[in-house]
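Me: I am new to this structure and should be grateful for a close look at a single part of it. Please choose one helix, describe its surroundings, and then follow the links outward from there.

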Amino acid sequence: MSQQPVAFLTRRETFSACHRLHSPQLSDAENLEIFGKCNNFHGHGHNYTVELTVRGPIDQRTGMVLNITELKDAIETVIMKRLDHKNLDKDVEYFAKIPSTTENLAVYIWDNIRTHLKKPELLYEVKIFETPKNIITYRGPYQLNGLYSAINKRTAHDSCTNISSDSD
């Protein structure tokens, strides 16, 4: 018995948004130490590029993994209507209590895109280009098994280049 071919389908979109790297769980001094200039009270903006990839078998009847219109519509609802030209910290409730890092933005997009797909299990990857040099890839929740320990503390210097989510 032959196996059904599997393909990856990616849709790319760009949007603009501003934010401030600031955690309500840290003091102002800790935020400044960790996030440096990216903790500026007035925030800063980005022109984000997002790539959403689905993975699955190619349907023999349609020749598609997923109708691209379904993915396009989900992107319009989740990204363009909710995030484009918004202040992530003030306009998106999700970021009221967590830092609006690109890592957390990827989780937000993943969770919300899945609710708009008929087959959410096909979502394979959310990739966000915050800058041409800083790219976050998210492929769903990571199951901790005791062998992995996250390192949370980052040290700020004169620019945002020391932190993974928001450097120039």
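Reply: A residue is called buried when its relative accessible area is under 20%, exposed when that area is over 50%, and partly exposed in between. The model is a predicted one, and the part chosen here is helix H2, which spans residues 68-80.

Helix H2 has these buried residues: Glu70, Leu71, Ala74, Ile75, Val78, Ile79 and Met80. Their spacing may be read with a general rule in mind. An α-helix has 3.6 residues a turn, so residues three or four places apart point the same way. The cover over the buried residues of H2 includes strand S1 (6-19), strand S2 (44-57) and helix H4 (102-114). At the start of the helix, a side-chain oxygen of Asn67 comes to within 2.9 Å of the backbone nitrogen of Thr69.

From H2 the description passes to the nonpolar core. The largest such core contains 32 residues, and Ile79 is among those with the most contacts inside it, together with Phe15, Leu52, Leu83, Leu105, Ile109 and Ile113. At least two residues of this core are supplied by each of S1, S2, H2, H4, S4 and S5. Helix H4 gives the largest share, 7 residues.

Phe15 shows how these parts meet. Apart from residues up to four places away in sequence, Phe15 touches His46, Asn47, Tyr48, Val50, Ile79, Met80, Leu83, Asp84 and Leu105. Two of these, Ile79 and Met80, belong to the buried residues of H2.

The strands that help to cover H2 are also joined to each other by charged side chains. Glu51 forms a salt bridge with Arg12, with 2.4 Å between the closest N and O atoms. This pair links distant parts of the chain, since Glu51 lies in strand S2 and Arg12 in strand S1, 39 residues apart. Glu51 counts as buried because its relative accessibility is 12%, whereas Arg12, at 56%, counts as exposed.

The count of salt bridges comes to 3. Another joins the side chains of Asp59 and Arg61, at 3.8 Å from N to O. Asp59 is partly exposed, with a relative accessible area of 24%, while Arg61 is exposed at 73%. A further salt bridge connects Glu125 with Arg139, whose closest N and O atoms are 2.6 Å apart. Glu125 lies in strand S4 (residues 123-129) and Arg139 in the segment after strand S5 (135-138), so this pair ties together parts 14 residues apart in sequence. Glu125 is buried, at 8% relative accessibility, and Arg139 is exposed, at 51%.

The loop between H4 and S4 leads back to the helix under discussion. Thr115 is found in this loop and, at 60% relative accessibility, counts as exposed. The C-alpha atoms of Thr115 and Val78 are separated by 9.6 Å, although the two residues are 37 residues apart along the chain. Val78 is one of the buried residues of H2. The side chain of Thr115 also reaches the backbone oxygen of Asn112, at 2.7 Å.

A second loop residue may be set beside Thr115. Asn39 lies in the loop between helix H1 (28-35) and S2. Asn39 counts as buried because its relative accessibility is 8%. Leaving aside neighbours within four places in sequence, Asn39 is in contact with Arg20, Leu21, His22, Asn31 and Leu32.

Conventions
Residues are numbered from 1 along each chain as its sequence is written. This is a predicted model: local features need pLDDT of at least 70, side-chain atom pairs count only at pLDDT 80 or more; totals for chains, interfaces and linings use all residues. Side-chain values use heavy atoms; hydrogens and water are left out. Buried means under 20% relative accessible area, exposed over 50%, partly exposed in between (1.4 Å probe, protein chains only). Helices (H or I, at least four residues) and strands (E, at least two) are DSSP runs, numbered from the N terminus. Contact means heavy atoms within 4.5 Å. A polar contact is a pair of N or O atoms within 3.5 Å; within protein, one must be able to donate a hydrogen and the other to accept it, and residues adjacent in sequence count only if both atoms are side-chain atoms. A salt bridge is a side-chain nitrogen of Lys or Arg within 4 Å of a carboxyl oxygen of Asp or Glu. A nonpolar core is a set of buried Ala, Val, Leu, Ile, Met, Phe, Trp, Tyr and Cys residues joined through side-chain atoms within 4.5 Å.
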